[in-house]
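Here are some exercises on rings, charges and sulfur atoms. Try each task yourself before you read the solution that follows it.

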Amino acid sequence: MTIIDAHSHLWYLQDTTWNGKAIRTTKNGRSLFLGDEVQMLPPFMIDGHNTVEVFLSNMDYAQVAAAVVVQEFIDGLQNGYLYGVQRSYPDRFFTFAMADYLHDGFYEQALHLMAVDGFRGMAIPGHRLLGRSLCDPEMMKMFRLMEANKWMLSITLADGDRQVDELSEVIAECPGLKIAIGHLGMANPPVTPPWENESWRRQILLARHPNVMIESGGITWLYNAEFYPFPSAVRAIREAAALVGMDKLMWGSDYPRTITAITYRMSYDFIVKSSELTDEEKRLFLGENARCFYGFQDLKELPYIKNMSE
């Protein structure tokens, strides 16, 4: 089946701050992260560069035909690097631009980014913008501009339904704006099953709108304590599908942070091997829905390469 990753990250170097604390590449795949040193990347990525070349190698090995690259404040603005990625590999990537929504004036940044040939959408880490309404005047001005220019929105909302009403207002104001909501609605870890949480269901139900989809980026991170084969993650996907249909859901890996614990192939292989989903559901979730939503065409067919240890 065709496999497309609907949620990944790339950066050349991490060198930013969040809430006044540094986020900076150190060595051997580690980063200084909000006062702690953490394994941000696999340890073999010793220079800290999360590059497209390494990602493509992982994609080819795991037979992932294409990937959607979003942005996050904790990685710093990566528009310059991602512009080069999109221009160099237009058949493999759909890259989102990002503006500095933490400060007024981001509309002008968005206007400039929309004039750049290559980007086709804006990413908003909404869960880190709880001090700014998603429907404040400048945001709504940007959303209307995006709708007029057929630009997509990739957004991650805060846990539960804290921003559901705000995004509902955006959807009502801009019904032609295509939106992908990340992290499967921030599905909670197994200790609090999301399907028992009405606020989680409200976030997933946003996908009942025609132009709204849900992607599962980071699902293996959310259920990392349970680990492979992530049975509760499969359950969360099934419960989301029961609410809005499997045709509204897309697989995402949250590469590269998730592959410090598992391999890139394992980030979707647990779906392939699950007996809880039909072959058709797997086909839709792992690639077909993303292919249609993002408009990928002429995707590369990737052969299976046998491991030496097999």
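**Exercise 1. Which charged residue lies over the face of Tyr-107, and at what distance from the ring centre?**

Step 1: Start with the rule: a charge sits over a ring if NZ of Lys or CZ of Arg is within 6 Å of the ring centre and within 35 degrees of the ring normal.
Step 2: Apply it to Tyr-107, where Lys-141 lies over the face at 4.2 Å from the ring centre.
Step 3: Look at Phe-293 too, since the charged end of Lys-178 sits over that ring, 4.6 Å from its centre.

Before going on, note that this is a predicted model, in which local features need pLDDT of at least 70 and side-chain atom pairs count only at pLDDT 80 or more, while totals for chains, interfaces and linings use all residues. Residues are numbered from 1 along each chain as its sequence is written, and side-chain values use heavy atoms, with hydrogens and water left out.

**Exercise 2. How many aromatic pairs does the structure hold, and what is the geometry of Tyr-12 and Tyr-81?**

Step 1: Rings of Phe, Tyr and Trp (its six-membered ring) pair if their centres lie within 6.5 Å; planes under 30 degrees apart count as stacked, over 60 as edge-to-face and the rest as tilted.
Step 2: By this rule the structure holds 20 aromatic pairs.
Step 3: For Tyr-12 and Tyr-81 the ring centres are 5.9 Å apart and the planes are at 40 degrees, so this pair is tilted.

**Exercise 3. Are Phe-55 and Phe-93 buried or exposed?**

Step 1: Buried means under 20% relative accessible area, exposed over 50%, and partly exposed in between (1.4 Å probe, protein chains only).
Step 2: Phe-55 has 0% relative accessibility, so it is buried.
Step 3: Phe-93 also has 0% relative accessibility and is buried.
Step 4: For contrast, Tyr-12 has a relative accessible area of 45%, so Tyr-12 is partly exposed.
Step 5: Now find the cluster that ring pairs build from Phe-55, Tyr-89, Phe-93, Trp-251, Tyr-255, Tyr-264 and Tyr-268.

**Exercise 4. Why is there no bond between the sulfur atoms of Cys-135 and Cys-174?**

Step 1: A disulfide is a pair of cysteine sulfur atoms within 2.5 Å.
Step 2: The closest cysteine sulfur to that of Cys-135 belongs to Cys-174 and is 11 Å away, so the two are too far apart for a bond.
Step 3: The count agrees: the structure holds 0 disulfides.
Step 4: As for burial, Cys-135 is buried at 18% relative accessibility, and Cys-174 is buried at 1%.
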